[in-house]
Amino acid sequence: MKRILVTGGAGFIGSAVVRHLIRQTPHQVLVVDKLTYAGNRDNLEPVSNDPRLSFLQADIGDAETMRKAFAEFRPEIVMHLAAESHVDRSIDGPAAFIQTNIVGSFVLLQEALRHYRSLPAAEQAAFRFHQISTDEVFGSLGADGLFSETSPYQPNSPYSASKAASDHLARAWHHTYGLPVVLSNCSNNYGPYHFPEKLIPLMILNALEGKELPVYGTGSNVRDWLHVEDHARALVLIAGNGRIGESYNVGGNAERSNLEVVEAICGLMDALAPDTGIGPRAKLIRFVADRPGHDLRYAIDASKIERELGWRPQESFESGLEKTVRWYLENRDWWGRIRSGVYRGERLGAG
Ligand code: NAD
């Protein structure tokens, strides 16, 4: 049994990690989350009654509160997921991305280091700080090739630049101060509890309501898609067993163009939520102005995590997408609260 501090544990991926930890492991979890527009305690509801889970509403950039959290909870592992995460919002308002992803990560690293230095040698040997990041830090690929752990960092959006900065800080805190850091960079996630500003949930909900399905540019941008529960399993493995000072790329081996993703959603919606008033959902597709600086293609070589840690995705894109569509159809209360309040589906990041 370990004590694991999960920052951003009320977000999309963080909550999948926490649900996995509580359901599949004996560990104790402290979630530290500011509850921004993207943080939602409903995401933790399935495990909220478990006495091994505790919750602290706090900003990772608040050094005093972080210091207290480290002193009281005495984490053996930190999984750092708290971030501003939406590229389009980073185009409209980069300041929050600089503040949380860079300054907040710096504060967290400092407090993790202070805590680490206070530990006896045996506990120091077991301590890990897991920096969770994105493949977007590597920039854009052309038609061929894959990102590996040695790909150079070439971030293009304010979001990916801020994540790249925090990866560099984590790396430096390892090399300079000896903090035991492990890093991972993952491709696009999808699945349950995904905030409906992101492509897949936005398209599912618009298709359900017969609204237009806005596809950026020509829809030819390619992403590699990974089901969030596969990512959560990978993260728990990396946090526990990854080699210190190393990074691991995580991906689903499921490259799809945005248009292919939207067409697949249309097909599933026609089958699972037929609505004679709407007709075939593909008719709702509209090509809209592209995202400024839109990276063409991301794709991941995940052979290192497979070789070293024995991880492989369990969902194919088809099986994972069908489960996701069914989840949104069965959980209208969850997204209804978001769609009627904090985010109503408007276009973000048009530049
Ligand atoms: P999300 O936006 O759904 O969740 C982020 C969480 O962090 C929210 O609960 C939010 O309240 C919290 N948070 C934000 N600022 C905070 C602060 N200053 N202090 C404390 N908490 C704060 O994001 P996500 O999609 O779950 O992504 C989680 C992490 O994984 C991020 O670091 C992101 O960069 C990374 N990542 C995401 C993807 C993806 O496809 N979504 C892919 C690879 C990596």
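**Contacts of His174, the ligand surroundings and the packing of α7 with α9**

A polar atom of the His174 side chain lies 3.0 Å from the backbone oxygen of Leu179, in what is a predicted model. His174 itself is placed in helix α6, which spans residues 158–177. When neighbours within four places in sequence are left aside, the residues in contact with His174 are Leu179, Pro180, Val181, Ile244 and Gly245, so that Leu179 appears both in this list and as the residue supplying the backbone oxygen described above.

The ligand is surrounded by 28 residues, of which the closest are Ile13, Asp33, Ser85, Tyr159 and Lys163. Backbone atoms also come within a short list of polar distances to ligand oxygen: a backbone N or O atom of Gly11 is found 3.0 Å from an oxygen atom of the ligand, and a polar backbone atom of Leu81 is likewise 3.0 Å from a ligand oxygen atom. For Asn189, a backbone N or O atom lies 2.9 Å from an oxygen atom of the ligand.

Helix α7, comprising residues 199–209, packs with helix α9, comprising residues 258–272, at an angle of about 40°, and the two axes are 10 Å apart. This angle makes α7 oblique to α9, and the crossing of the two helices is right-handed. On the side of α7 the contact is formed by Leu199, Ile200, Met203, Ile204, Ala207 and Leu208, while α9 contributes Asn258, Val261, Val262, Ile265 and Met269. Classified by residue type, the contact of α7 with α9 comprises ten nonpolar residues and one polar residue, with no charged residues.

How values were computed
Residues are numbered from 1 along each chain as its sequence is written. This is a predicted model: local features need pLDDT of at least 70, side-chain atom pairs count only at pLDDT 80 or more; totals for chains, interfaces and linings use all residues. Side-chain values use heavy atoms; hydrogens and water are left out. Axes are lines fitted to C-alpha atoms, for helices over the stretch in contact, and angles run from 0 to 180 degrees between N-to-C directions. Helices (H or I, at least four residues) and strands (E, at least two) are DSSP runs, numbered from the N terminus. Angles under 35 degrees count as roughly parallel, over 145 as roughly antiparallel, 65 to 115 as roughly perpendicular and the rest as oblique. A crossing is left-handed if the near helix is turned anticlockwise from the far one by less than a right angle, and right-handed if clockwise. Contact means heavy atoms within 4.5 Å. Ala, Val, Leu, Ile, Met, Phe, Trp, Tyr, Cys and Pro count as nonpolar, Asp, Glu, Lys and Arg as charged, and the others, Gly among them, as polar. A residue is near a molecule or strand if one of its heavy atoms lies within 4 Å of it. A polar contact is a pair of N or O atoms within 3.5 Å; within protein, one must be able to donate a hydrogen and the other to accept it, and residues adjacent in sequence count only if both atoms are side-chain atoms.
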